[in-house]
Amino acid sequence: MLKGIPKCISPQLLKTLAEMGHGDTIVLGDAFFPAASCARAGGGELIRADGVSSTELADAILTLMPLDSVQYPVLIMDKPESMSDLETPVWDAYKRIVAKHDPRGESCVGMIERFAFYEAAKQAFAVVSTGEEAYFGCLILQKGTK
C-alpha cells in the first residue's frame with residue numbers, strides 16, 4: 001500500500017502517469033467518448049476508470065502530475081454551435097480543479113473543437129475511459145515538469 005495516492009488512481013493509471021514524460025498528454029474521456037478506438041488508432045494506452053467521474057479523476061491526477069508551461073496545458077472538448085444552449089457545468093468544475101492545482105488558474109484552460117479533440121486524443125500517451133455522464137465532459141491534460 002502507498003500513502004497519499006488518491007483512491008481513484010488505479011495501479012495501471014499510476015504506472016502510466018509515472019511513465020509519461022514532459023509534453024505527453026492524457027485524455028479523460030466521458031462515458032460517451034470513443035476511448036478504445038482513439039487509443040487503438042494512435043497506439044496509446046487505454047485505461048478504464050468505470051464508475052469514476054472525470055472531475056474526481058482530474059483532481060486526483062493533478063495532485064500527482066504538474067501541468068506543462070504551454071499556454072493551454074488543459075483542453076476541454078467544446079460543443080458545436082448547434083448545441084450552444086446546452087448547459088455544461090462540468091466545464092466550470094474542471095476550471096476550479098485546475099485553479100486549485102496550478103497558479104495560472106483557469107487561464108491555462110483552453111477549448112478544442114470536438115473533431116480536433118478526437119484527433120488530439122489519437123496522439124495521446126494514454127486515454128482514460130471514465131464514468132463521467134456530463135455532456136462534453138472530456139479533457140486533455142499535458143504533463144509538465146515540477
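Mentor: Contact here means heavy atoms within 4.5 Å, and in this predicted model the buried residues of α3 pack in that sense against α1, β1 (25-29), β2 (45-49), α4 (89-101), β5 (126-130) and β6 (139-142).

Trainee: Which residues of α3 are the buried ones?

Mentor: They are S54, L57, A58, A60, I61 and L62, where buried means under 20% relative accessible area.

Trainee: Why is α1 called oblique to α3?

Mentor: Helix α1 (residues 11-19) and helix α3 (residues 54-64) pack at an angle of about 45 degrees, with their axes 11 Å apart. Angles under 35 degrees count as roughly parallel and 65 to 115 as roughly perpendicular, and the angle of about 45 degrees belongs to neither class, so α1 is oblique to α3. The contact is made by L13, L14 and L17 of α1 together with L57, I61 and L64 of α3, and these residues divide into six nonpolar, no polar and no charged.

Trainee: What makes K100 and D59 a salt bridge?

Mentor: The closest N and O atoms of K100 and D59 are 3.1 Å apart, and the rule asks for a distance within 4 Å, so the pair qualifies as a salt bridge. The pair links distant parts of the chain, with K100 in helix α4 and D59 in helix α3, 41 residues apart.

Trainee: Why is K100 called exposed, but K122 partly exposed?

Mentor: Exposed means over 50% relative accessible area, and K100 has 57%, so K100 is exposed. K122, with 26%, lies between the limits of 20% and 50% and is therefore partly exposed.

Technical notes. Residues are numbered from 1 along each chain as its sequence is written. This is a predicted model: local features need pLDDT of at least 70, side-chain atom pairs count only at pLDDT 80 or more; totals for chains, interfaces and linings use all residues. Side-chain values use heavy atoms; hydrogens and water are left out. Axes are lines fitted to C-alpha atoms, for helices over the stretch in contact, and angles run from 0 to 180 degrees between N-to-C directions. Helices (H or I, at least four residues) and strands (E, at least two) are DSSP runs, numbered from the N terminus. Angles under 35 degrees count as roughly parallel, over 145 as roughly antiparallel, 65 to 115 as roughly perpendicular and the rest as oblique. Ala, Val, Leu, Ile, Met, Phe, Trp, Tyr, Cys and Pro count as nonpolar, Asp, Glu, Lys and Arg as charged, and the others, Gly among them, as polar. Buried means under 20% relative accessible area, exposed over 50%, partly exposed in between (1.4 Å probe, protein chains only). A salt bridge is a side-chain nitrogen of Lys or Arg within 4 Å of a carboxyl oxygen of Asp or Glu.
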